[in-house]
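Got your viewer open and ready? Let's take a walk through this model, one selection at a time.

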Amino acid sequence: MPTGQAPPSSPRRRLAYFGLFFVVLTAAGAWAVFDHFAGRSVAFDRRLLAPSVLAAAAVLLALYFLTDGLRLHYTLRALGHRIPTAAMARLVFVNIFFSNVTPMATGGGIAQVWLLREHGVPIGRATAATTLRTVLATAAIFVATPLFLMFGTPSDGHALLGRVAPVLAVLVTLYVLFFAVVVLRTRWLIAPLGGSLAALRRAGLVGARRHRRLQFALRREVLRFARSFGDYLSGPPHLVALSVVCTLLFLACLFSFPALLVGALGHDTAWLTTAGLALVTTFAMYFAPTPGAAGISEGVFGAFFADVLGPEQLVLVTLAWRFLTIHLGMLIGLALLGRRLAANAGGHA
């Protein structure tokens, strides 16, 4: 093996470390719910395994994964790119896996960009497509969250809003400013990114010739990225509309999982209430520094649903919600990634 080359098992080892860290954080979050909100009580309820509940969960999962893929599919179509169906399915699950083993969900978009590049989509255009996909969902969540806190739960909403309003305002402002720069002043990114390349050159990590090539490629892809937003808005109106509709349907599916679980346990709680609580939980997850918001998401979910569920049901529903919305997709993504790594290792044997 040439000097400096990583051993073949190195990517798998890193994935194993990431996965182990995610499991540890998830267990810590579940323990926090058990200890602080569930009164240290937990019991399994067979009603969650009723055939009607499993069938409803299967349908909801199918719609959840389908609309997740379609929202990126129609965004790419609006930009003039078409990706094979099998590749789109891989993009969905690889994104779920990497988004949940990297802090602030940074890895999912990067992995999707590189997979799109293999199908002929330039890096700048692929980055724009994944960013637009994120912006559409983020905009919907950021608009809906304050509305729910103010009007969705008349009895508790205003008290909750009073506690989180200052933090909410700061986080929303920072997030909006960041995406405003990314979308409206994309060229401003050239200087800091170029400075990062220069720092790598000074540190001896990048040679002079490669530095020049990377600088040229960086400017080209940033300009492509900037043009892509205009191309999206001026794209076929029906494709732009479909990307928005699929984003809203995806979010509706995501926020419906708690309603399914709560209803299966016999609680007569309005869908708007459970969906709204899931909405606020998802909003909080955007700012969690842990990979996939592991640990934090369980704690936030448990805090919000403690008044909806019985204490012995809280841990069970929290883990079931995470399994359906995150863990199952991660397992599928891990399996697809493992097959790809095995194929690459076989190709270089």
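**Stop one: a crossing of helices**

Start by selecting α2 and α3, two helices that cross in a right-handed way. Their axes come within 9 Å, and the crossing angle is roughly 115 degrees. Angles from 65 to 115 degrees count as roughly perpendicular, so α2 and α3 are roughly perpendicular to each other. One thing to keep in mind as you look around: this is a predicted model.

**Stop two: zoom out**

Now show the whole protein as a cartoon. How many helices and strands does the protein have? There are twelve helices and zero strands. If you trace the chain from the N terminus, each element you meet is an α. The protein has 349 residues, and 46% of them count as buried.

**Stop three: a cavity**

Here's a handy trick for the next stop. Rolling a probe the size of a water molecule over the atoms shows where empty space is left. In this structure, one cavity of 30 Å³ or more turns up, and the largest cavity has a volume of about 30 Å³.

Which residues line the largest cavity? Select D68, G69, L72, M88, V92, N95, Q112 and R133 and you have the lining. Two elements, α2 (51-78) and α3 (85-99), each give two or more residues to that lining, so you're back with the pair from the start of the tour. Try colouring the lining by class: you should get three nonpolar, three polar and two charged residues.

**Stop four: α2 again, with another partner**

Keep α2 on screen and add helix α9, residues 237-264. Two packed helices are described by the angle between their axes and the distance between the axes. For α2 and α9, the angle is about 160 degrees and the axes are 8 Å apart. How do the two helices run relative to each other, parallel or antiparallel? Angles over 145 degrees count as roughly antiparallel, and therefore α2 and α9 are roughly antiparallel to each other. The crossing of α2 past α9 is left-handed. Colour the residues of this contact by class and you'll find 21 nonpolar, five polar and three charged.

**Stop five: α10 and α11**

Next, select α10 (271-285) and α11 (296-305). Their axes come within 9 Å and cross at roughly 150 degrees, so α10 and α11 are also a roughly antiparallel pair. This time α10 passes its partner α11 in a right-handed crossing.

Stay on α11 and switch on a surface for everything else. Is α11 largely enclosed or largely open? Eight of its ten residues are buried, so α11 is largely enclosed by the rest of the structure. To see the buried ones, select S297, E298, G299, V300, F301, G302, F304 and F305.

**Stop six: two loop residues**

Finish with a look at two loops. In the loop between α10 and α11, pick out A293. A293 is not a glycine, yet its phi is positive, at about 55 degrees. Is A293 buried or exposed? A293 is buried, with a relative accessible area of 3%.

Then jump to the loop between α1 (10-37) and α2, where R40 sits. R40 is another residue other than glycine with a positive phi, near 55 degrees. With α2 beside this loop, you can hop straight back to the first crossing, where α2 meets α3.

Terms used
Residues numbered from 1 in each chain as written. Predicted model: local features only at pLDDT ≥ 70, side-chain atom pairs only at ≥ 80, totals over all residues. Heavy atoms only, no water. 1 Å grid on protein atoms, 1.4 Å probe; cavity = no way out; pocket = protein on both sides within 12 Å on 5 of 7 lines; lining within 4 Å. Points joined across faces, edges and corners; volume = space filled by probe spheres on them. Helix = DSSP H or I, 4+ residues; strand = E, 2+ residues; numbered from the N terminus. Nonpolar A, V, L, I, M, F, W, Y, C, P; charged D, E, K, R; others polar. Axes fitted to C-alpha atoms, helices over the stretch in contact; angles between N-to-C directions. Parallel < 35°, antiparallel > 145°, perpendicular 65-115°, else oblique. Left-handed = near helix turned anticlockwise from the far one by under 90°. Buried < 20%, exposed > 50% of the residue type's maximum accessible area, 1.4 Å probe, protein only.
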